[in-house]
Amino acid sequence: MIHSLNSCDIFCDVLDNALLHLYITVAETERFTPKAKRNEILVRYLKPMIKDKRYQQGKKEIKSLISLGRVASCDLESKLVELHELSQRYDQYASEAKRLFDLLTRIESELGIPTKFLNVLGDSQTFPNTIYMLQEHVENGFIVSGEQVAPVSLFLESDKVTTLVDFINGTGLFKAEIQQHNEDAKQGHIVLHPAGKR
């Protein structure tokens, strides 16, 4: 499940502020601060956030961090740094890949064709007038910088295959082409390329 951008922003703020608090606190002492003490500082900082209304959407994640910080073998600081780096990569990916989400949202609202993700094509029951996408194609279609590096496939069983291609090209978000089209079976494989390329 994808969190809303709002909850992602809140969680990123929690990570940033917790790390800043730790580094400022550690800088105030001249002695070495061991991992256990660092965990304790972070847990003490995070604990009040559970009841703070501003962090309500990230409450579950904050509780998980506190639980980790109480495990003696855990290095909570390293975990926060790792999560911070992941969130930055996600932000870059999401900002560019958002075009795909925008496109799929427009298709559903304007053409009435919903989208579903599959792990493997043919792995589960499919329905007509629904776009199917392979999760792997989407994940491998964009690199960390957000640039689309591989075509993304849409699979559709409908008499609207050519209508969908025209609609996608009309949005300017992607260039769409029909890879395969069986008009009798009303099945189409549409490939999305970055806008301006083909």
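Colleague: How do you know which hand to give the crossing of α2 and α3?

Modeller: In this predicted model, the crossing of α2 and α3 is left-handed, because a crossing takes that name if the near helix is turned anticlockwise from the far one by less than a right angle.

Colleague: What makes α2 roughly antiparallel to α3, or would parallel be the better word?

Modeller: Helix α2 (residues 35-46) and helix α3 (residues 59-69) pack at an angle of about 155 degrees, with their axes 9 Å apart. Angles over 145 degrees count as roughly antiparallel, and therefore α2 is described as roughly antiparallel to α3. On the side of α2 the contact is made by Asn-39, Val-43 and Leu-46, and on the side of α3 by Ile-62, Leu-65, Ile-66 and Gly-69.

Colleague: Why is Glu-77 called buried or exposed, whichever applies?

Modeller: Glu-77, which has its place in helix α4 (residues 76-111), shows a relative accessible area of 17%; buried means under 20%, so Glu-77 is called buried. Leaving aside residues up to four places away in sequence, Glu-77 touches Leu-19, Leu-22, Tyr-23, Arg-38, Asn-39 and Leu-42.

Colleague: What makes the link between the side chains of Glu-77 and Arg-38 a polar contact?

Modeller: The side chains of Glu-77 and Arg-38 are joined at 2.9 Å, and the cut-off for a pair of N or O atoms is within 3.5 Å, so the pair counts as a polar contact.

Colleague: And why is His-181 given its own label, buried, exposed or partly exposed?

Modeller: The relative accessible area of His-181 is 32%, and since buried means under 20% and exposed over 50%, with partly exposed in between, His-181 is therefore partly exposed. His-181 has its place in strand β4 (residues 174-182) and touches Val-161, Thr-162, Gln-187 and Gly-188, not counting residues up to four places away in sequence.

Colleague: How do you know that β4 and β5 pair, and in which sense?

Modeller: Strands pair if there are at least two bridges between them; β4 and strand β5 (residues 187-194) have eight bridges, in the antiparallel sense, so the pairing follows. Within it, Ala-176 stands opposite Leu-192 in β5.

Colleague: What makes β4 an edge strand?

Modeller: Five strands form an open sheet in the order β1-β2-β3-β5-β4, with mixed pairing. The edge strands are β1 (115-118) and β4, each of which pairs on one side only, and the twist averages 30 degrees from one strand to the next.

Key:
Residues numbered from 1 in each chain as written. Predicted model: local features only at pLDDT ≥ 70, side-chain atom pairs only at ≥ 80, totals over all residues. Heavy atoms only, no water. Helix = DSSP H or I, 4+ residues; strand = E, 2+ residues; numbered from the N terminus. Buried < 20%, exposed > 50% of the residue type's maximum accessible area, 1.4 Å probe, protein only. Contact = heavy atoms within 4.5 Å. Polar contact = N/O pair within 3.5 Å; in protein donor to acceptor, adjacent residues only side chain to side chain. Axes fitted to C-alpha atoms, helices over the stretch in contact; angles between N-to-C directions. Parallel < 35°, antiparallel > 145°, perpendicular 65-115°, else oblique.
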